[in-house]
Amino acid sequence: MVHAGAMSGSGNLMDFLDEPFPDVGTYEDFHTIDWLREKSRDTDRHRKITSKSKESIWEFIKSLLDAWSGWVVMLLIGLLAGTLAGVIDLAVDWMTDLKEGVCLSAFWYSHEQCCWTSNETTFEDRDKCPLWQKWSELLVNQSEGASAYILNYLMYILWALLFAFLAVSLVRVFAPYACGSGIPEIKTILSGFIIRGYLGKWTLLIKTVTLVLVVSSGLSLGKEGPLVHVACCCGNFFSSLFSKYSKNEGKRREVLSAAAAAGVSVAFGAPIGGVLFSLEEVSYYFPLKTLWRSFFAALVAAFTLRSINPFGNSRLVLFYVEYHTPWYMAELFPFILLGVFGGLWGTLFIRGNIAWCRRRKTTKLGKYPVLEVIVVTAVTAIIAYPNPYTRRSTSELISELFNDCGALESSQLCDYINDPNMTRPVDDIPDRPAGVGVYTAMWQLALALVFKIVITIFTFGMKIPSGLFIPSMAVGAMAGRMVGIGVEQLAYHHHDWIVFRNWCRPGADCVTPGLYAMVGAAACLGGVTRMTVSLVVIMFELTGGLEYIVPLMAAAVTSKWVADAFGKEGIYEAHIHLNGYPFLDVKDEFTHRTLATDVMRPRRGEPPLSVLTQDSMTVEDVETLIKETDYNGFPVVVSRDSERLIGFAQRRELILAIKNARQRQEGIVSNSIMYFTEEPPELPANSPHPLKLRRVLNLSPFTVTDHTPMETVVDIFRKLGLRQCLVTRSGRLLGIITKKDVLRHMAQMANQDPESIMFN
């Protein structure tokens with residue numbers, strides 16, 4: 001046996017692992033974090049700081065700084081997210097107008113700013129001023145006629161193509177992760193998955209720049225979803241400055257949840273809606289502390305955006321409206337119809353878009369992302385220009401559709417036939433018969449609606465930043481405005497019908513078409529994303545109409561019911577499944593009566609489970625096992641005969657521990673025995689130094705028995721965010737269930753191909 005002197009001499013070396021070494025506790029790319037371990041590490045850190053804070057004033061100040069660091073991070077996220085949103089809004093405003101013309105006094109002015117500064121602008125012709133020139137006026141000095149129209153048309157298409165080409169090239173070359181809306185990936189990251197670089201500095205920079213380009217190009221997409229991604233990039237950047245968050249992936253995800261709330265806050269000017277969106281739609285783990293911090297981040301972001309005032313109307317969004325007329329019970333029927341339309345549109349969009357994206361993944365189409373973007377942009381620009389409702393930016397379109405027709409409105413939608421004897425106050429105009437302009441606007445809107453529905457299916461998911469909120473709202477707002485005008489004209493011409501008799505007398509202002517547009521927008525957005533509570537709050541924060549909560553709720557709930565009847569998952573969950581991310585949705589129900597033993601590996605006929613023994617394997621044995629397998633970790637047992645479970649060791653930490661021991665500890669060679677016990681095993685006198693690896697052993701791995709129902713196992717995986725779970729019987733190890741096994745089993749139970757879960 002080895003003599004005492006040799007053992008005591010190496011005692012301090014063998015315990016070198018009791019000091020933490022670099023990279024331990026970190027994760028590899030495309031792996032899931034261990035929520036339980038992250039939580040216990042944070043508790044240990046907190047306990048250490050609390051005990052130290054009693055030692056000296058300096059330590060007490062450090063503990064205070066640590067406690068405040070969370071609020072500081074939120075403040076910084078809010079400031080940066082608000083500033084970026086303001087800059088994006090201003091840049092989009094200018095570049096959208098650049099497609100139609102240029103300001104002579106200062107080329108960086110948008111059309112509106114240019115005419116503000118001009119002294120020769122009149123109220124009637126507020127869109128026309130000598131300082132703003134269309135491209136035809138500037139190039140060939142003609143403002144009317146066929147040649148001027150064709151030249152403006154060509155310039156519009158060329159600018160759109162230039163913006164789109166720049167955007168897709170920047171994404172492709174510098175930040176491939178900057179494409180799409182980003183919300184499916186953020187949901188996956190918040191559930192504990194690691195996608196390195198997805199929230200990096202390059203992604204932040206490129207996404208911000210390309211977002212301006214794609215929105216200005218006139219493509220059927222919005223900036224709201226990508227703004228959530230941008231805000232989360234800000235959150236990731238600031239959390240990396242504080243060790244409390246940079247060294248703990250669980251804590252970092254609390255910051256990202258709050259950043260998502262700040263993103264929606266600046267996207268819609270809806271701070272409370274942002275917090276609810278983060279809670280309802282994107283977050284996986286949302287403790288009460290995160291709720292307060294999200295609230296603070298959303299508040300700071302909204303305040304910052306309000307200070308920049310990008311739209312010049314002292315509002316946070318372009319389409320802020322105020323209505324003055326109440327709604328009536330009889331109107332609930334058309335509101336519910338709009339909800340049904342929203343649900344049907346949501347189903348159509350999700351099925352069409354997923355089919356197209358799958359085709360993109362599986363055919364040659366996916367190899368030519370630049371060409372695809374150019375073709376879609378060209379088609380969009382060519383079809384959009386002739387129709388005034390698709391030519392302008394989608395936000396402006398929604399703004400016009402939401403607007404109530406006042407006495408000063410110059411829009412075609414407000415071209416009603418006025419009664420010459422009318423002597424009413426300006427803000428309460430009675431219902432009037434529709435004029436020529438309204439009928440023209442109706443068929444133009446119908447064409448625009450069909451075009452928007454089709455083109456959005458092909459646009460969302462291309463290799464450029466693309467949000468879905470604004471196109472969905474535009475589809476709903478167009479349908480809603482048309483229904484609203486229909487109801488209004490019906491009420492005007494048939495006010496003696498029993499439906500209208502009680503509340504719509506001649507000469508009264510009873511129907512507000514803008515309200516129908518707002519309800520339609522909410523219904524369509526709900527049909528696509530399946531949001532309910534946060535959607536209604538966002539909509540009434542957008543419009544300032546508290547009294548319209550009931551119509552919005554009716555439409556949102558109806559659209560969710562109708563859409564759920566055709567398929568439970570919203571667009572973001574559908575994209576998560578399409579990309580094969582290991583995401584266990586909290587909303588999914590598992591009702592099958594299978595047991596843990598049916599799902600665990602190894603199955604019958606498969607080779608036995610790869611395990612480590614507590615004190616009989618050499619360093620070489622372990623290195624060979626690691627090389628020959630690609631498992632993320634190995635159960636540790638007493639011996640191969642007894643199979644009694646001791647704990648679980650992560651693959652990455654074993655590799656790092658062995659590498660570190662070889663560098664820092666003398667006498668560690670390939671045939672050194674590795675042991676996970678407190679005391680070293682008894683070894684022959686001439687054997688090399690053993691290697692103690694108790695430090696990397698998780699002594700409390702999560703275990704279930706082989707007869708645990710899978711319903712319980714799925715619940716445990718969801719609520720505790722586990723990576724794997726060991727299956728035992730009377731303390732003996734039988735097998736292992738990983739998160740991927742659970743997902744495959746759920747797919748199999750839903751009659752899907754379990755191998756279709758690709759985990760790209």
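Which residue's side chain meets that of K560 in a salt bridge? Select K560 and D564 and you'll have the pair on screen: the side chains meet at 3.1 Å, N to O. A salt bridge here is a side-chain nitrogen of Lys or Arg within 4 Å of a carboxyl oxygen of Asp or Glu.

Some ground rules before moving on. You're looking at a predicted model, where local features need pLDDT of at least 70, side-chain atom pairs count only at pLDDT 80 or more, and totals for chains, interfaces and linings use all residues. Residues are numbered from 1 along each chain as its sequence is written, and side-chain values use heavy atoms, with hydrogens and water left out.

**Stop 1: around D564**

Stay with K560 and D564. They sit four residues apart in helix α23, about one helical turn from each other. (Helices are DSSP runs of H or I with at least four residues, strands are runs of E with at least two, and both are numbered from the N terminus.) K560 is partly exposed at 26% relative accessibility, while D564 is buried at 17%. Buried means under 20% relative accessible area, exposed means over 50%, and partly exposed is in between, using a 1.4 Å probe and protein chains only.

Now add R530 to the selection. R530 also meets D564 in a salt bridge, at 2.9 Å from N to O. R530 lies in the loop between α21 (513–529) and α22 (533–543), and D564 is in helix α23 (residues 549–566), so this pair ties together parts that are 34 residues apart in sequence. Both R530 and D564 are buried.

**Stop 2: helix α2**

Jump to R41 and E38. Their closest N and O atoms are 3.2 Å apart, which makes another salt bridge. Both belong to helix α2 (residues 35–52), three residues apart, or about one turn of the helix. Colour them by accessibility: R41 is partly exposed at 28%, but E38 is buried at 1%. Across the structure, the count of salt bridges comes to 26.

**Stop 3: the aromatic rings**

How many aromatic pairs does the structure hold? There are 24. Rings of Phe, Tyr and Trp (its six-membered ring) pair if their centres lie within 6.5 Å; planes under 30 degrees apart count as stacked, over 60 as edge-to-face, and the rest as tilted.

Pick W159 and F163 for a tilted pair, 5.6 Å centre to centre with 40 degrees between the planes. They're four residues apart in helix α6 (residues 146–174), about one helical turn, and F163 is buried with a relative accessible area of 3%.

Next, select Y177 and Y198, also a tilted pair: 5.2 Å between centres and 55 degrees between planes. This one links distant parts of the chain, with Y177 in the loop between α6 and α7 (183–190), Y198 in the loop between α7 and α8 (201–216), and the two positions 21 residues apart. Y177 is partly exposed at 29%, whereas Y198 is buried at 3%.

For a bigger group, select W94, F107, W108 and Y109, which form one aromatic cluster.

**Stop 4: charges over rings**

Last, try R293 with W71: the charged end of R293 sits over the W71 ring, 5.3 Å from its centre. Then go to R391, which lies over the face of Y385 at 4.1 Å from the ring centre. To count, NZ of Lys or CZ of Arg must be within 6 Å of the ring centre and within 35 degrees of the ring normal.
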